[in-house]
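Okay, thanks for coming, everyone. I'd like to spend a few minutes on cysteines today, and then take a quick look at a couple of helices. Let me put it up on the screen.

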Amino acid sequence: MSLKVLLLSSIPVISALQWEDGTGKLPALGWNSWNAYGCDIDETKVLEAAQGLVDFGFKDAGYEYVNIDDCWSIKDHRDPDTDEIIPDPDKFPSGISGVADKVHDMGLKLGIYSSAGTATCAGYPASIGYEEIDAASWAAWGVDYLKYDNCNIPDEWHDECDACVFNLRNPDNYNNGTCTDGGNYCPDGYDYTKSNSAKRYQAMRDALQAQNRTILYSLCSWGSAGVEQYGNATGNSWRMSDDIQDNWDSVVSILNMNSFIVNDADFWGHPDPDMLEVGNGGLSTEEERTHFAFWAAMKSPLLIGTDLNAASNESKAIMLNKYLIAFNQDDVYGAAAKPYKWGTNPDYTFDPSHPAEFWSGESQLGTFVFMLNSQSDGRSMTVDFAEVPGLDADGEYDVLDVWSDDSLGSFTSEFEIDVSAHDTAVLLFTPSS
């Protein structure tokens, strides 16, 4: 299957990786094993997840990938004759190819995991130096998606300097775009497209390109090494942060980071704020709604990270919201929603606890407005039509509550609504007839 690397007119300095069959034009929708199971993964759980996508209506809503994360192979060696990674026969008695066949029979697609290092994050065989062999194996097995991580980089592949980025595990080191720990940071204007990190990820891109099968390529480089400069030309999505955690602080911190790079999102390229934590118990219902709403609004990949059989009906309904999925998957409007006002803070304030609160985006359905209440108490929030890109200050609009699917009436000039703590109001505006 051939690839094309073209220049996107909407992102003039970033070229985009395009598969000829259209894969990667829109954000990926699916399920991933890690947030639910970690290393405790096997064939039964993967097939149960696939069946859950079918039974609970996710397949019909557009979710299609069933992705196996780390720990799927024999841990201590490759095949001594072929150098191929060996699927663990105890965990996957049908092999990865057998699981792929069963997933494909359900009308879904199968994803796999590796790392651009000597071992995966959990210590299993990884793919640096074996890119062609592994890509050929995955294609032969019927794999449709690769998540490619960033662990265990050999010394000779380390970058000559580091990008200064906000780190979820060390937030105090980042102050207004400056890292304060005196590390070996790259100078302003550094060309990360020539870095060793870029070369490591490009090597797997080229290996996948050489196969006769489309394999969506998801870079998991944790937002490091200036990935925003080369991610769009290298993969279909690229991680823009450290791993998400199942708590509110993690969700809003990642949202804050992504709000400053959301212009990078468009057709064929999607900054990835990591998998969904909806359904895993660490977030309230209001927080789950905010999490899913903004991941959809930012045109992020939407990868479920929970056991669907254990998730509440409320959590499943959030991830099945037809309006948010339609916005995320709009094939006419590729741009993400963007902040038009910060709210709690002055505009363009970098605040991991109180990110931009007022966002809007265009779609075939109309203009979406997202209002986040990042405060710990409920409050009234107002859409001022004059502030919202796409709305006429003097226009009259019908307003739909995206969560309840209720028509709220016709309004001019502004619309006011009560928003609970940590919740997000999602409203759809269409011109009144």
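So, disulfides: there are 4 of them in this structure, and keep in mind as we go that it's a predicted model. If you count the bonded cysteines along the chain, the pairing runs 1-2, 3-4, 5-8, 6-7.

Let's start with Cys 39 and Cys 71. Their sulfur atoms sit 1.7 Å apart, and they form a disulfide. What does that pair tie together? Cys 39 is in the loop between helix H1 (34-37) and helix H2 (43-55), while Cys 71 is in the loop between strand E4 (65-67) and helix H4 (95-105), so the link bridges parts that are 32 residues apart in sequence. The two ends sit in their surroundings like this: Cys 39 is partly exposed, at 31% relative accessibility, whereas Cys 71 is buried, at 1%.

Next, please look at Cys 121 and Cys 151. This is another disulfide, with the sulfur atoms 2.0 Å apart. The link is right-handed, with 95 degrees about the S-S bond. Here too distant parts of the chain are linked: Cys 121 comes from the loop between strand E5 (109-115) and helix H5 (131-141), and Cys 151 from the loop between strand E6 (145-149) and strand E7 (174-175), 30 residues apart. Buried or exposed? For Cys 121, partly exposed, with a relative accessible area of 40%. Cys 151, on the other hand, is buried, with 12%.

Then there's the disulfide from Cys 161 to Cys 186, S to S 2.0 Å. With 105 degrees about the S-S bond, that link is right-handed. Cys 161 is in the loop between E6 and E7, and Cys 186 is in the loop between strand E8 (178-179) and helix H6 (196-209), so this pair ties together parts 25 residues apart in sequence. Both Cys 161 and Cys 186 are buried.

Now, a cysteine without a partner. Which cysteine sulfur is nearest to that of Cys 220? It's the sulfur of Cys 121, but that one is 6.9 Å away, and Cys 220 is in no disulfide. A disulfide here needs the two sulfurs within 2.5 Å. Cys 220 is buried as well, at 2% relative accessibility.

Okay, leaving the cysteines, over to Asn 35, which lies in helix H1. What does its side chain reach? One polar atom of the Asn 35 side chain is 3.2 Å from the backbone oxygen of Leu 276. The side chain of Asn 35 also has a polar contact of 3.5 Å with the side chain of Glu 277. Leaving out residues up to four places away in sequence, Asn 35 touches Ile 244, Met 275, Leu 276, Glu 277, Asn 280 and Gly 305.

Last stop, helix H4. Which residues of H4 are buried? Those are Gly 95, Ile 96, Gly 98, Val 99, Ala 100 and Val 103. And what do the buried residues of H4 pack against? They pack against H2, E4, E5 and H5. If you follow the chain on just past H4, you get to Gly 107, which takes a positive phi of about 80 degrees.

That's my tour, so let's open it up for discussion.

Technical notes
Residues are numbered from 1 along each chain as its sequence is written. This is a predicted model: local features need pLDDT of at least 70, side-chain atom pairs count only at pLDDT 80 or more; totals for chains, interfaces and linings use all residues. Side-chain values use heavy atoms; hydrogens and water are left out. Helices (H or I, at least four residues) and strands (E, at least two) are DSSP runs, numbered from the N terminus. Buried means under 20% relative accessible area, exposed over 50%, partly exposed in between (1.4 Å probe, protein chains only). A polar contact is a pair of N or O atoms within 3.5 Å; within protein, one must be able to donate a hydrogen and the other to accept it, and residues adjacent in sequence count only if both atoms are side-chain atoms. Contact means heavy atoms within 4.5 Å.
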